[in-house]
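Welcome! Here are a few short exercises to help you find your way around a new protein model. Have the viewer ready and work through them in order.

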Amino acid sequence: MSFIPADGIIIRSDASQEVNDLIAEAKEQDIPVVSVIDDYSGQTQDYVGVSSYDVGQAYGQLVLDLQKTDEVQKVTILQTAEDSENTIRSVEASLLEVLPDEIALDRKIIEGSDTFSIEENIQDFILSEDAPDVLICMSTVAAICAYHIVVDCNRVGDIQLLVNYATGEILDAIEKGGIFASVSLDTQKLGSSCVQCLDDLVCEGKKSSYRSIPLKVITIDNVAEYRSTLEGTQ
């Protein structure tokens, strides 16, 4: 990968050494770099993302909503290789603040180098005796895999899925009842904040180390409205 000169850079990528080296090269050339979602160990000049604490609080409230109509005894956070350990720990700590003592919370690490192996391992977990009442999927891959499995194995309703992000397939799954809710970021606000960050850095020389984006909790009650909002911005 070669470095492309620019007035400013907005980046959403992995935290590989190659990416870190490119960010360092940009800084050496006084090119401002704004990172989205991940802060790459503080190397970028500005970071636009969501508060992991707020994400945990939102998940916790959704579990409490489920508890009103269904017996919830166990909640599991599904963790894959693409999930940040620090983010997971922060979400977990925040969840524990909300959940009552009678609801157990744990984490399940799913191994796998590709989608097929991840889906296979998630299926083994969902069909095991350790399967929870509520499964929280922090990555899109885990969310889609878990959704397909609960549908194929007739576990819809037995295991409630809480996910992150809001892809077209996830929105479809929410409408069909296969996914209970998604805690997603406000993509419109994300884009405008990134542009504002670069404008502040390039034009005014300002620096803000962190800008938090509001969360959007998407359920069957508001998914149609959410789709309409997205279509109206395209």
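**Exercise 1.** In which sense do β4 and β6 pair, and over how many bridges?

*Solution.* Keep in mind that this model is predicted. Start with the general idea: strands in a sheet are joined by backbone hydrogen bonds, in either a parallel or an antiparallel way. Now look at β4 and β6: their pairing is parallel and covers four bridges. To see one spot of it, find Thr76, which stands opposite Leu135 in β6.

**Exercise 2.** Place β4 and β6 in their sheet by finding the strand order.

*Solution.* Step one: trace the open sheet of six strands, which runs β5-β4-β6-β7-β8-β10 with mixed pairing. Step two: check the ends, where β5 (104-109) and β10 (215-219) are edge strands, each pairing on one side only. Step three: compare directions; ignoring which way they run, neighbouring strands are turned by 20 degrees against each other on average.

**Exercise 3.** Which residues touch the most other members of the largest nonpolar core?

*Solution.* This core has 32 residues, and the best-connected ones are Tyr59, Val63, Val75, Leu95, Val134, Ile136 and Leu162. Next, ask where the core comes from: elements giving two or more residues include α2 (52-67), β4 (74-79) and β6 (134-137). The largest share, six residues, belongs to α2.

**Exercise 4.** Leaving aside neighbours within four places in sequence, what is Tyr59 in contact with?

*Solution.* Select Tyr59 and list its partners: among them are Val91, Leu95, Ile136, Leu162 and Val183. Finally, look for a second, separate core of 28 residues, which includes Ala146, Ala173, Ile179 and Ile218.

How values were computed. Residues are numbered from 1 along each chain as its sequence is written. This is a predicted model: local features need pLDDT of at least 70, side-chain atom pairs count only at pLDDT 80 or more; totals for chains, interfaces and linings use all residues. Side-chain values use heavy atoms; hydrogens and water are left out. A nonpolar core is a set of buried Ala, Val, Leu, Ile, Met, Phe, Trp, Tyr and Cys residues joined through side-chain atoms within 4.5 Å. Buried means under 20% relative accessible area, exposed over 50%, partly exposed in between (1.4 Å probe, protein chains only). Contact means heavy atoms within 4.5 Å. Two strands pair if DSSP finds at least two bridges between them. Axes are lines fitted to C-alpha atoms, for helices over the stretch in contact, and angles run from 0 to 180 degrees between N-to-C directions.
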